[in-house]
Structures are given as C-alpha cells and as structure tokens.
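Welcome! Open your viewer, get comfortable with the selection tool, and follow along stop by stop.

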Amino acid sequence: MAVKGLGKPDQVYDGSKIRVGIIHARWNSVIIDALVKGAIERMASLGVNEKNIIVETVPGSYELPWGTKRFVDRQAKLGEPLDVVIPIGVLIKGSTMHFEYISDSTTHALMNLQEKVDMPVIFGLLTCMTEEQALARAGIDASHSMHNHGEDWGAAAVEMAVKFGK
Ligand SMILES: O=c1[nH]c(NC[C@H](O)[C@H](O)[C@H](O)CO)c([N+](=O)[O-])c(=O)[nH]1
C-alpha cells in the first residue's frame, strides 16, 4: 500500500478565475522544463486559463526568493496581480557544500516570502542527491518510477489560491 505522497484533494477546485505565476531557475533545464510542463498541464486540467499562467525565469535557485518578490510586485504594478506563485528550481548535490547552503537558505526564504507577498508561495524546489532522483521526480527517468512533482505543485497552487484567496 502506497503510504508516501500527496493524498486525494478534499474537493476539485475550479481554477478558472485565478492568475498564477511560475518563476523557474535555468539550471538543470531538462528537468526544469518537465516540471514546468507538468504544473501547467495540471492547472489547465483544473480550469486555469493558460493566458492566466505567467512564466518568468531566473539564473539559478538561489535567485528564486528575490526574483519571486519582484515578479509579484511587477505583476501587481501591471494591473495583472497574481493569486499564487510557484517558484521552481532543481538543486543536485555536487562535490562541495554549495548544495546544502543554497537548499537551506532558499527554502527558508521562500517559506518566509509568503507573509511579505501575502499569497501562497508553492514549494517547487527539488533538492536531490543525484541526477537520477531529479529525473524521477520530474517523471522523465527511464523507468518512469515516479510521477511528475510539477503536477502536485500545480494542484496545490489552485487549491491554495481558491481556498485561501483574498
Ligand atoms: O538552481 C541551481 N543553481 C545552482 N547554482 C547556482 C545558484 O543557484 C546561483 O544561480 C549562483 O550561485 C549565482 O547566484 C546549482 N548548483 O550550483 O549546483 C544547482 O544545482 N541548481
């Protein structure tokens, strides 16, 4: 019996009235692209209009917190305010402590950002020990051993924006 993983939603949420921002890093782009695609496809299946999904990028995961804050501010200034934002990054452990420091600092910064931007900031950071782990969590490993985590992030974005929107 599968124990781990996202449980069934308490109801199906209608995303037709929300605007979502996706801001993704450009490191490990093959994995990033699969995660972004999965998030967009799941949100479209929940009624989010693709013209209401705005995609922005930053160089790496470390830039996600500041980039997200400025992205949210910019959209508000344009008169196209976001209801929820999904920062997406893929960190893969190398031979130094770089991975640990970016993973930890970026995670805390994204969590704390929610109060500052007053909207849900979905946690779309993969922190993987190997490339194989990252490929599996984007649903693109050879054995398709796991589903695409981007789909979970898309579903969480719709639920949080609809359930707790302003
Ligand atoms: O998004 C990532 N950024 C990474 N580094 C770049 C970092 O996020 C910043 O862009 C850079 O340090 C400049 O600020 C990574 N590694 O170093 O391994 C990584 O795996 N993933």
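This tour visits the ligand and then two pockets. Keep in mind that the model is predicted.

**Stop one: the ligand and its shell.** Select the ligand, then add Trp27, Asn28, Gly60, Ser61, Tyr62, Glu63, Val90, Leu91, Ile92, His98 and Ile102, which surround the ligand. Coloured by type, this shell divides into 6 nonpolar, 4 polar and 1 charged residue.

**Stop two: the oxygen atoms.** Show side chains and zoom in on Ser61, where a polar side-chain atom is 2.7 Å from an oxygen atom of the ligand. For Tyr62, show the backbone: one of its N or O atoms there lies 3.0 Å from a ligand oxygen. Next comes His98, with a side-chain N or O atom 3.1 Å from an oxygen atom of the ligand. On its own the ligand exposes 460 Å², and the protein buries 76% of that.

**Stop three: the surrounding elements.** Select strand 3 (84-92) and helix 3 (98-117); each supplies at least two residues of the ligand's shell. Strand 3 gives the largest share, 3 residues.

**Stop four: the ligand's pocket.** Which pocket holds the ligand? The ligand sits in the second largest one, with a volume of about 260 Å³. Of its 13 lining residues, Trp27, Leu91, Ile92, His98 and Ile102 lie nearest the centre.

**Stop five: the largest pocket.** Now select Gly5, Leu6, Gly7, His147 and Asp152, the closest to the centre among the 21 residues lining the largest pocket. About 660 Å³ of space lies in this pocket. Finish with helix 5 (residues 149-164), which gives the most to the lining, 7 residues. That lining divides into 10 nonpolar, 5 polar and 6 charged residues.

Conventions:
Residues numbered from 1 in each chain as written. Predicted model: local features only at pLDDT ≥ 70, side-chain atom pairs only at ≥ 80, totals over all residues. Heavy atoms only, no water. Near = heavy atom within 4 Å. Polar contact = N/O pair within 3.5 Å; in protein donor to acceptor, adjacent residues only side chain to side chain. Areas by Shrake-Rupley, 256 points an atom, 1.4 Å probe, with all protein chains shown as cover. 1 Å grid on protein atoms, 1.4 Å probe; cavity = no way out; pocket = protein on both sides within 12 Å on 5 of 7 lines; lining within 4 Å. Sits in = over half its atoms within 2 Å of the grid points. Helix = DSSP H or I, 4+ residues; strand = E, 2+ residues; numbered from the N terminus. Nonpolar A, V, L, I, M, F, W, Y, C, P; charged D, E, K, R; others polar. Points joined across faces, edges and corners; volume = space filled by probe spheres on them.
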